[in-house]
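Dear colleague,

I am passing on the structure that we spoke about, with some notes on what came out of it. Please read them with the model open beside you.

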Amino acid sequence: MTQTAHLPAPAPGADHRPGTLRRVLRVLAILACLPYITLKVAWVAGSEIGIPAGSALLEHRQMMAIANSVSVVADVLVVVLALLLTQDWGRRFPAWLLSLPMWAATGLLTPIMTGYPVQLAVALVSGAEKAAAPSEPFLDEWVFAVVYGGFILQGLALGTLFALYARDRWGHIWRGRLGELSARTSGSGARALAVGGAVVALLPASLHLLWAAGSTTGLSARRIAERDSDFYVLEAQWIAFIVVAVASTLFLVLRRPARLRVRTTLALAWTTSGTVGCWGAYLSLVALLPDPDPTKRVPELVQLSYAGEMITGFLLAACVALFLRRRSAEA
């Protein structure tokens with residue numbers, strides 16, 4: 001994927017303007033960013049819209065302003081990606097410089113796209129009530145609906161645009177089935193990365209399994225008191241992401257099952273390695289932020305789980321990148 005020399009040259013006079021579908025998706029992706037960006041800009045400017053009185057966010061205004069500014073930049077990047085994926089100049093953009101932010105965006109958005117609707121469905125079907133509200137409020141409920149709804153639309157639009165773009169630019173790389181790949185496509189280096197990621201994944205996967213089963217090992221008293229249906233949905237989701245990330249990456253490097261399509265396996269490895277790695281990195285960073293209140297500090301075992309997820313995701317992503325580079329060279 002890092003090589004562009006194999007791309008076919010555009011035909012003279014060819015029309016590379018985006019079709020109707022791509023234009024609609026581009027507009028949808030950009031519009032979906034507006035609620036999140038608007039809220040963040042308002043908070044940076046000092047507004048307290050959506051933040052209830054007594055929220056912990058109001059206690060750390062300077063840190064909140066910095067975090068919100070970074071969030072605005074990240075969402076503006078979504079707008080840039082939507083333009084890049086639908087413009088002629090985007091076809092000449094360096095592959096690695098496009099792939100890295102798309103991998104991160106895919107990883108960060110996917111758990112929201114899957115987890116939030118499932119949480120709502122479980123609450124609707126089971127009628128389960130939320131756990132007792134925390135002693136300190138955080139955000140008004142409508143904020144989550146607006147922001148997560150925007151994220152879901154972003155993910156659908158941007159993900160579809162990237163799939164169409166990748167098909168046009170790199171579709172030759174993932175044709176066929178795993179059994180048709182040459183041994184050189186994976187190699188010992190990729191296999192070592194995949195096995196290493198699988199070994200590291202045992203720790204976070206085991207911890208999430210314990211917590212999903214009802215264990216309180218390593219959880220803070222605050223987190224134990226706040227467990228509800230949302231908690232168990234998220235724990236089950238993280239187990240699934242870790243298992244799929246490890247399995248799909250191993251399938252790629254082992255070229256088995258032979259009849260499994262390269263496209264399907266690669267898409268799963270790409271998405272789930274980004275989810276595990278990027279969220280593990282983000283949560284690790286948040287856990288390291290200083291907090292004078294000891295009841296709000298993230299327990300060491302939970303931090304270890306975050307670190308394990310980050311390392312697992314990055315190792316598996318490196319394996320996927322190596323696979324794509326070798327596959328591109330062969331093609």
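A salt bridge here is a side-chain nitrogen of Lys or Arg within 4 Å of a carboxyl oxygen of Asp or Glu. By this rule Arg-22, Arg-167 and Asp-168 are linked in a network of salt bridges, and the count comes to 6 salt bridges.

This is a predicted model, in which local features need pLDDT of at least 70 and side-chain atom pairs count only at pLDDT 80 or more, while totals for chains, interfaces and linings use all residues. Residues are numbered from 1 along each chain as its sequence is written, and side-chain values use heavy atoms, with hydrogens and water left out.

Within the network, the side chains of Asp-168 and Arg-167 meet at 3.3 Å, N to O. Asp-168 counts as partly exposed at 37% relative accessibility, and Arg-167 is also partly exposed, at 48% (buried means under 20% relative accessible area, exposed over 50%, partly exposed in between, with a 1.4 Å probe and protein chains only).

A further salt bridge joins Glu-330 and Arg-327 at 3.9 Å, N to O; both residues lie in helix 9 (residues 300–330), 3 residues apart, about one turn of the helix. Helices are DSSP runs of H or I with at least four residues, numbered from the N terminus. Arg-327 counts as buried, because its relative accessibility is 15%, whereas Glu-330 is partly exposed at 31%.

Elsewhere, Arg-222 forms a salt bridge with Glu-226, the closest N and O atoms being 3.7 Å apart.

With best wishes

Definitions and conventions: Helices (H or I, at least four residues) and strands (E, at least two) are DSSP runs, numbered from the N terminus.
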